[in-house]
Amino acid sequence: MFTGKHFIWLAISGLIIALHIILNKKFKFSYKTNLIALFIVAVASEVMKVMLNMESVVGPTFETSGTYLNYESLPFHLCTIQIVFIVALMFFIKKDSTKDTILGFMVPSMGVGATLSLLIPTEGVLFTTPQVYQYFIYHAYIIGFAIYLLTSKTVVITYKVMLKNIVLILVFGFLSLYINGILVDGRTNFMFVARPPMDNLPILNLNQGWHMYFVKLILTAIVLMVAFHLPFAIYNSKKQNN
(Lines give C-alpha, C1' and ligand atoms only; values in the text may rest on other atoms or scores of the structure.)
Protein backbone atom coordinates (compact mmCIF):
# COMPACT_ATOMS: atom_id res chain seq x y z
CA MET A 1 0.00 0.00 0.00
CA PHE A 2 1.42 3.36 -1.14
CA THR A 3 4.59 1.81 -2.51
CA GLY A 4 6.28 2.84 -5.74
CA LYS A 5 4.30 0.29 -7.76
CA HIS A 6 1.08 1.42 -6.09
CA PHE A 7 1.69 5.03 -7.07
CA ILE A 8 2.33 3.95 -10.66
CA TRP A 9 -1.00 2.11 -10.71
CA LEU A 10 -2.72 5.15 -9.21
CA ALA A 11 -1.22 7.29 -11.99
CA ILE A 12 -2.44 4.81 -14.63
CA SER A 13 -5.89 4.82 -13.03
CA GLY A 14 -5.91 8.61 -13.03
CA LEU A 15 -5.07 8.60 -16.73
CA ILE A 16 -7.98 6.23 -17.48
CA ILE A 17 -10.36 8.45 -15.53
CA ALA A 18 -9.05 11.60 -17.23
CA LEU A 19 -9.43 10.03 -20.70
CA HIS A 20 -13.01 9.04 -19.86
CA ILE A 21 -13.82 12.63 -18.87
CA ILE A 22 -12.00 14.22 -21.83
CA LEU A 23 -13.55 11.92 -24.45
CA ASN A 24 -17.04 12.48 -23.06
CA LYS A 25 -16.53 16.21 -23.06
CA LYS A 26 -15.16 16.25 -26.61
CA PHE A 27 -17.59 13.86 -28.29
CA LYS A 28 -20.60 14.34 -25.96
CA PHE A 29 -21.40 10.63 -25.85
CA SER A 30 -24.98 9.82 -24.85
CA TYR A 31 -26.01 7.95 -21.73
CA LYS A 32 -26.75 4.88 -23.85
CA THR A 33 -23.31 4.95 -25.45
CA ASN A 34 -21.65 5.30 -22.06
CA LEU A 35 -23.72 2.45 -20.66
CA ILE A 36 -22.83 0.16 -23.59
CA ALA A 37 -19.13 0.98 -23.16
CA LEU A 38 -19.40 0.30 -19.43
CA PHE A 39 -21.18 -3.00 -20.14
CA ILE A 40 -18.35 -4.08 -22.47
CA VAL A 41 -15.68 -3.16 -19.92
CA ALA A 42 -17.58 -4.85 -17.08
CA VAL A 43 -18.16 -8.08 -19.03
CA ALA A 44 -14.53 -8.20 -20.19
CA SER A 45 -13.38 -7.60 -16.63
CA GLU A 46 -15.69 -10.28 -15.23
CA VAL A 47 -14.66 -12.86 -17.85
CA MET A 48 -11.00 -12.17 -17.16
CA LYS A 49 -11.57 -12.40 -13.41
CA VAL A 50 -13.43 -15.70 -13.74
CA MET A 51 -10.78 -17.27 -15.98
CA LEU A 52 -8.00 -16.20 -13.63
CA ASN A 53 -9.68 -17.42 -10.46
CA MET A 54 -10.81 -20.94 -11.29
CA GLU A 55 -9.57 -23.46 -8.72
CA SER A 56 -9.23 -27.24 -8.88
CA VAL A 57 -10.79 -29.17 -6.02
CA VAL A 58 -9.70 -32.77 -5.61
CA GLY A 59 -12.21 -34.90 -3.75
CA PRO A 60 -12.09 -38.54 -2.70
CA THR A 61 -13.84 -39.61 -5.92
CA PHE A 62 -14.19 -38.38 -9.51
CA GLU A 63 -17.74 -37.20 -8.76
CA THR A 64 -16.53 -34.93 -5.93
CA SER A 65 -13.63 -33.40 -7.88
CA GLY A 66 -13.80 -30.49 -10.29
CA THR A 67 -12.78 -26.93 -11.15
CA TYR A 68 -14.73 -24.11 -9.56
CA LEU A 69 -14.74 -20.34 -9.35
CA ASN A 70 -13.49 -19.42 -5.90
CA TYR A 71 -15.93 -17.73 -3.57
CA GLU A 72 -13.95 -14.50 -3.39
CA SER A 73 -14.61 -13.82 -7.08
CA LEU A 74 -18.40 -13.76 -6.80
CA PRO A 75 -19.86 -10.29 -7.56
CA PHE A 76 -21.00 -9.38 -4.05
CA HIS A 77 -18.56 -6.59 -3.25
CA LEU A 78 -19.69 -2.98 -3.60
CA CYS A 79 -17.75 -2.51 -6.84
CA THR A 80 -18.33 -5.93 -8.40
CA ILE A 81 -22.07 -5.85 -7.73
CA GLN A 82 -22.15 -3.03 -10.30
CA ILE A 83 -22.15 -5.71 -13.02
CA VAL A 84 -25.63 -6.73 -11.79
CA PHE A 85 -26.82 -3.11 -11.96
CA ILE A 86 -25.27 -2.64 -15.42
CA VAL A 87 -26.95 -5.75 -16.85
CA ALA A 88 -30.25 -4.75 -15.27
CA LEU A 89 -30.06 -1.26 -16.79
CA MET A 90 -29.05 -2.62 -20.19
CA PHE A 91 -31.74 -5.27 -20.57
CA PHE A 92 -34.39 -5.31 -17.86
CA ILE A 93 -35.12 -2.00 -16.13
CA LYS A 94 -37.74 0.00 -17.96
CA LYS A 95 -39.36 1.98 -15.15
CA ASP A 96 -37.78 5.44 -14.84
CA SER A 97 -38.06 5.59 -11.04
CA THR A 98 -36.24 2.27 -10.66
CA LYS A 99 -33.57 3.36 -13.13
CA ASP A 100 -33.08 6.61 -11.24
CA THR A 101 -32.72 4.74 -7.92
CA ILE A 102 -30.10 2.38 -9.35
CA LEU A 103 -28.13 5.14 -11.09
CA GLY A 104 -28.36 7.28 -7.96
CA PHE A 105 -26.80 4.49 -5.92
CA MET A 106 -24.19 3.69 -8.57
CA VAL A 107 -22.70 7.19 -8.32
CA PRO A 108 -21.46 6.95 -4.69
CA SER A 109 -20.87 3.20 -4.73
CA MET A 110 -18.72 3.56 -7.85
CA GLY A 111 -17.19 6.91 -6.98
CA VAL A 112 -16.41 6.34 -3.30
CA GLY A 113 -16.21 2.55 -3.34
CA ALA A 114 -13.86 2.31 -6.32
CA THR A 115 -11.68 5.16 -5.04
CA LEU A 116 -11.20 3.33 -1.75
CA SER A 117 -10.43 0.17 -3.72
CA LEU A 118 -7.69 1.98 -5.63
CA LEU A 119 -6.24 3.29 -2.36
CA ILE A 120 -6.50 -0.13 -0.68
CA PRO A 121 -5.50 -2.57 -3.46
CA THR A 122 -6.64 -5.95 -2.14
CA GLU A 123 -5.25 -7.70 -5.26
CA GLY A 124 -1.81 -6.21 -4.72
CA VAL A 125 0.22 -4.02 -7.08
CA LEU A 126 2.61 -6.43 -8.82
CA PHE A 127 2.91 -5.91 -12.57
CA THR A 128 3.43 -9.65 -13.02
CA THR A 129 -0.05 -10.48 -11.67
CA PRO A 130 -2.86 -10.40 -14.29
CA GLN A 131 -5.52 -9.87 -11.60
CA VAL A 132 -3.94 -6.53 -10.75
CA TYR A 133 -4.50 -5.22 -14.29
CA GLN A 134 -8.16 -6.27 -14.19
CA TYR A 135 -8.56 -4.73 -10.72
CA PHE A 136 -7.16 -1.27 -11.42
CA ILE A 137 -8.56 -0.84 -14.95
CA TYR A 138 -12.07 -1.85 -13.90
CA HIS A 139 -12.14 0.35 -10.80
CA ALA A 140 -10.73 3.34 -12.67
CA TYR A 141 -13.31 2.98 -15.43
CA ILE A 142 -16.29 2.85 -13.08
CA ILE A 143 -15.05 6.01 -11.36
CA GLY A 144 -15.05 7.65 -14.78
CA PHE A 145 -18.62 6.50 -15.35
CA ALA A 146 -19.72 7.87 -11.97
CA ILE A 147 -18.19 11.24 -12.86
CA TYR A 148 -20.03 11.14 -16.20
CA LEU A 149 -23.37 10.53 -14.44
CA LEU A 150 -22.80 13.63 -12.32
CA THR A 151 -21.40 15.97 -14.96
CA SER A 152 -24.07 15.04 -17.51
CA LYS A 153 -26.80 15.64 -14.90
CA THR A 154 -28.04 12.09 -15.52
CA VAL A 155 -28.00 11.86 -11.73
CA VAL A 156 -28.85 14.88 -9.62
CA ILE A 157 -28.03 14.36 -5.96
CA THR A 158 -30.58 15.63 -3.47
CA TYR A 159 -31.17 15.03 0.24
CA LYS A 160 -33.69 12.34 -0.71
CA VAL A 161 -31.11 10.56 -2.87
CA MET A 162 -28.60 10.77 -0.01
CA LEU A 163 -30.98 9.17 2.51
CA LYS A 164 -32.01 6.50 0.04
CA ASN A 165 -28.38 5.61 -0.69
CA ILE A 166 -27.48 5.42 3.01
CA VAL A 167 -30.34 2.96 3.53
CA LEU A 168 -29.24 0.91 0.50
CA ILE A 169 -25.59 0.69 1.61
CA LEU A 170 -26.69 -0.49 5.06
CA VAL A 171 -29.02 -3.08 3.53
CA PHE A 172 -26.26 -4.43 1.28
CA GLY A 173 -23.89 -4.54 4.23
CA PHE A 174 -26.39 -6.46 6.35
CA LEU A 175 -27.13 -8.91 3.53
CA SER A 176 -23.39 -9.52 3.23
CA LEU A 177 -23.43 -11.02 6.73
CA TYR A 178 -25.70 -13.76 5.38
CA ILE A 179 -23.78 -14.20 2.12
CA ASN A 180 -20.45 -14.54 3.96
CA GLY A 181 -22.11 -16.99 6.34
CA ILE A 182 -23.48 -19.15 3.54
CA LEU A 183 -20.19 -19.20 1.62
CA VAL A 184 -17.84 -19.21 4.60
CA ASP A 185 -14.52 -20.89 3.85
CA GLY A 186 -12.18 -18.59 5.70
CA ARG A 187 -11.72 -16.27 2.70
CA THR A 188 -15.09 -14.70 1.88
CA ASN A 189 -15.27 -11.11 3.04
CA PHE A 190 -17.92 -9.37 0.96
CA MET A 191 -18.44 -5.71 1.83
CA PHE A 192 -15.59 -6.29 4.32
CA VAL A 193 -18.05 -7.19 7.08
CA ALA A 194 -16.07 -10.31 8.10
CA ARG A 195 -12.75 -8.53 8.64
CA PRO A 196 -10.87 -5.42 7.47
CA PRO A 197 -9.75 -5.36 3.82
CA MET A 198 -6.10 -5.15 4.92
CA ASP A 199 -4.07 -5.48 8.12
CA ASN A 200 -2.95 -2.51 10.19
CA LEU A 201 -5.52 -0.03 8.86
CA PRO A 202 -6.35 2.95 11.07
CA ILE A 203 -9.85 2.86 12.60
CA LEU A 204 -10.94 -0.17 10.57
CA ASN A 205 -9.10 -2.87 12.49
CA LEU A 206 -9.83 -5.69 14.92
CA ASN A 207 -7.93 -4.22 17.86
CA GLN A 208 -11.16 -3.98 19.89
CA GLY A 209 -12.79 -7.10 18.51
CA TRP A 210 -15.15 -7.77 15.60
CA HIS A 211 -18.27 -6.15 17.09
CA MET A 212 -16.52 -2.81 17.53
CA TYR A 213 -15.02 -3.18 14.06
CA PHE A 214 -18.50 -3.73 12.60
CA VAL A 215 -19.83 -0.62 14.38
CA LYS A 216 -16.89 1.43 13.07
CA LEU A 217 -17.44 0.03 9.58
CA ILE A 218 -21.10 1.12 9.62
CA LEU A 219 -20.24 4.57 10.98
CA THR A 220 -17.45 4.97 8.40
CA ALA A 221 -19.85 4.04 5.60
CA ILE A 222 -22.43 6.58 6.81
CA VAL A 223 -19.83 9.34 7.23
CA LEU A 224 -18.40 8.73 3.75
CA MET A 225 -21.86 8.70 2.18
CA VAL A 226 -22.86 11.93 3.90
CA ALA A 227 -19.53 13.58 3.04
CA PHE A 228 -19.92 12.62 -0.61
CA HIS A 229 -23.59 13.58 -1.01
CA LEU A 230 -23.89 16.69 1.16
CA PRO A 231 -22.05 19.24 -1.04
CA PHE A 232 -24.08 18.18 -4.09
CA ALA A 233 -27.35 18.11 -2.13
CA ILE A 234 -26.76 21.60 -0.70
CA TYR A 235 -25.78 23.00 -4.10
CA ASN A 236 -28.76 21.49 -5.91
CA SER A 237 -31.15 22.55 -3.14
CA LYS A 238 -29.98 26.17 -3.35
CA LYS A 239 -30.11 26.08 -7.16
CA GLN A 240 -33.69 24.77 -7.08
CA ASN A 241 -34.82 27.44 -4.62
CA ASN A 242 -33.30 30.32 -6.62
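In this predicted model, the helix that gives the most to the lining of the second largest pocket is α4, with six residues. This helix runs over residues 96–119, and both α4 and α6 supply at least two residues of that lining. The pocket itself has a volume of about 240 Å³. Its lining is made up of 14 residues, and those lying nearest the centre are Asp100, Thr101, Val156, Val161 and Lys164. Sorted by class, the lining is a real mix: five nonpolar residues, six polar ones and three charged ones.

Away from the pocket, α4 also packs against another helix, α5, which covers residues 130–151. Their axes sit 8 Å apart, and the angle is about 140°. Angles over 145 degrees would count as roughly antiparallel, so α4 and α5 are put down as oblique to each other. The crossing of the two is left-handed. On the α4 side, the residues that meet α5 are Leu103, Met106, Val107, Met110, Gly111, Ala114, Thr115, Ser117 and Leu118. Facing them from α5 are Tyr135, Phe136, His139, Ala140, Ile142, Ile143, Phe145, Ala146, Leu149 and Leu150. Charged residues are absent from this contact, which has 15 nonpolar and four polar ones.

Helix α5 has a further partner in α1, the helix of residues 4–27. Here the angle comes to about 35°, with the axes 9 Å apart, and the crossing is right-handed. From α1, the contact draws on His6, Trp9, Ser13, Ile16, Ile17, His20, Ile21 and Asn24. The α5 side brings in Val132, Tyr133, Phe136, Ile137, Ala140, Tyr141, Ile143, Gly144, Phe145, Ile147 and Tyr148. Phe136 is one of the α5 residues that touch α1, and Phe136 also turns up in the contact with α4. Once more no charged residues take part, and the contact divides into 14 nonpolar and five polar residues.

That leaves α6, the other helix named for the pocket lining. Helix α6 spans residues 159–182 and packs against α7, which spans residues 210–241, at an angle of about 160° and with the axes 8 Å apart. Because of that angle, α6 is roughly antiparallel to α7. The two helices make a right-handed crossing. Tyr159, Val161, Met162, Asn165, Ile166, Ile169, Leu170 and Leu177 are the α6 residues in the contact. From α7 come Trp210, Phe214, Ile218, Ile222, Met225, Val226, His229, Leu230, Ala233, Ile234 and Ser237. The count by class is 16 nonpolar and three polar residues, with no charged ones. Val161 ties this part of the picture together: Val161 belongs to the contact with α7 and is also among the residues nearest the centre of the second largest pocket.

Note on methods. Residues numbered from 1 in each chain as written. Predicted model: local features only at pLDDT ≥ 70, side-chain atom pairs only at ≥ 80, totals over all residues. Heavy atoms only, no water. Axes fitted to C-alpha atoms, helices over the stretch in contact; angles between N-to-C directions. Helix = DSSP H or I, 4+ residues; strand = E, 2+ residues; numbered from the N terminus. Parallel < 35°, antiparallel > 145°, perpendicular 65-115°, else oblique. Left-handed = near helix turned anticlockwise from the far one by under 90°. Contact = heavy atoms within 4.5 Å. Nonpolar A, V, L, I, M, F, W, Y, C, P; charged D, E, K, R; others polar. 1 Å grid on protein atoms, 1.4 Å probe; cavity = no way out; pocket = protein on both sides within 12 Å on 5 of 7 lines; lining within 4 Å. Points joined across faces, edges and corners; volume = space filled by probe spheres on them.
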